[in-house]
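Colleague: I am new to this structure, and I would like to understand how each label attached to it is justified. Could we go through the reasoning step by step?
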Amino acid sequence: MDTERFEALIDAILAIIVTIIILEIPLPAHPDLASLWEVKVEFFAYIISFFVVFNIWNSNHNLFIKINKLTDSIVWTNMISIFILSFIPYATIMVSEHFFSFFAQACFGAFFVVLHIHYILQAEVLKKTDPANIALIVYLNNGKKNSFIEFIFFAIAYILGYFVSPPLIMVGCLFAMSFWIIKDQFV
């Protein structure tokens with residue numbers, strides 16, 4: 001299988017995930033701003049989730065530019081990542097229905113942490129798969145250097161979410177994802 005075909009599969013799955021998330025936002029009771037404001041939490045959760053899905057798409061795009069040969073290891077590690085990501089609609093619905101619940105926010109944030117851990121493990125698999133690919137190894141090593149900072153964002157977000165306000169977990173995840181996207185642009 002060539003990388004373009006595999007990337008198209010990933011793109012299709014990510015498009016379905018985003019579609020599922022947006023379809024879960026209820027329509028406003030009336031066509032006015034006041035009714036639209038009543039579903040602001042759902043839109044906020046959708047925006048964060050969309051940002052996550054876009055981030056994964058962007059990261060995969062940058063990764064596949066550097067991959068020379070598609071192997072079974074690459075396919076399986078990416079499918080695991082997409083499998084984890086497929087739970088985002090569920091977490092988005094839960095957090096939008098129970099926005100101030102620490103448990104709901106913690107579950108939402110847990111997907112970020114799990115995706116992040118998987119990315120670190122995936123990087124090690126990819127480096128072993130193609131050890132002669134210097135561009136890939138440099139790209140993955142730069143990502144690994146920034147992982148510590150992102151984990152600090154997650155830890156601070158969980159602490160603030162527990163002690164101050166649970167939605168701060170979602171905000172912390174947004175900061176971590178922003179850092180990931182910014183970092184990805186300069187690698």
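Modeller: Let us do so, bearing in mind that this is a predicted model. A convenient place to begin is I159, which is found in helix α7.

Colleague: What makes I159 part of a patch, and which residues form that patch with I159?

Modeller: The nonpolar patch on the surface is formed by F102, F148, I149, I152, I156, I159, L160, Y162, F163 and V164, which together have about 1000 Å² of accessible area. A residue must have over 30% relative accessible area and no salt bridge to be counted, and nonpolar side chains are joined within 5 Å. Helix α7, running over residues 134–163, gives the most to this patch, with 8 residues.

Colleague: Why is T92 called buried or exposed?

Modeller: T92, which lies in helix α5, has a relative accessible area of 5%, and since buried means under 20%, T92 is therefore called buried. Leaving aside neighbours within four places in sequence, T92 is in contact with I21, A45, Y46, S49 and F108.

Colleague: How do you know to what extent α5 is enclosed by the rest of the structure?

Modeller: Of the 10 residues of α5, 7 are buried, so this helix is largely enclosed by the rest of the structure. The buried residues are I88, P89, A91, T92, M94, V95 and S96.

Colleague: How do you know whether the length of helix α1 agrees with its number of residues?

Modeller: Helix α1 covers residues 3–23, and at 1.5 Å a residue its 21 residues should span 30 Å, where the expected span uses one less than the number of residues. The end C-alpha atoms of α1 are 30 Å apart, which agrees with that expectation.

Colleague: Which residues of α1 are buried, and what makes you say how they are arranged around the helix?

Modeller: The buried ones are T3, F6, E7, I10, L14, I17, V18 and I21. Seen down the axis of α1, these buried residues fall within an arc of 110 degrees, so they line one face of the helix. That face packs against α3 (40–66), α4 (72–85) and α5 (88–97), whereas E4, R5, I16 and L23, on the other side of α1, are exposed.

Colleague: Why are S101 and E38 given the labels they have?

Modeller: S101, in the loop between α5 and α6, has a relative accessible area of 26%, and as this value lies between the cut-offs of 20% and 50%, S101 is called partly exposed. E38, in the loop between α2 and α3, has a relative accessible area of 58%, and because exposed means over 50%, E38 is called exposed. As for their places in space, the C-alpha atoms of S101 and P167 are separated by 8.1 Å, although these residues are 66 residues apart along the chain, while E38 and L27, 11 residues apart in sequence, are 9.9 Å apart from C-alpha to C-alpha.

Colleague: What makes the pair E124 and K127 a salt bridge?

Modeller: The closest N and O atoms of E124 and K127 are 3.1 Å apart, and because the cut-off is within 4 Å, the pair is called a salt bridge. A search of the whole structure finds 1 salt bridge. Both residues lie in helix α6, 3 residues apart, which is about one turn of the helix. E124 is partly exposed, with a relative accessible area of 26%, whereas K127, at 14% relative accessibility, counts as buried.

How values were computed:
Residues numbered from 1 in each chain as written. Predicted model: local features only at pLDDT ≥ 70, side-chain atom pairs only at ≥ 80, totals over all residues. Heavy atoms only, no water. Helix = DSSP H or I, 4+ residues; strand = E, 2+ residues; numbered from the N terminus. Buried < 20%, exposed > 50% of the residue type's maximum accessible area, 1.4 Å probe, protein only. Arc of directions from axis to C-beta. Contact = heavy atoms within 4.5 Å. Patch = residues over 30% accessible without salt bridge, like charges linked within 9 Å, V, L, I, M, F, W, Y side chains within 5 Å. Areas by Shrake-Rupley, 256 points an atom, 1.4 Å probe, with all protein chains shown as cover. Salt bridge = Lys/Arg side-chain N within 4 Å of Asp/Glu carboxyl O.
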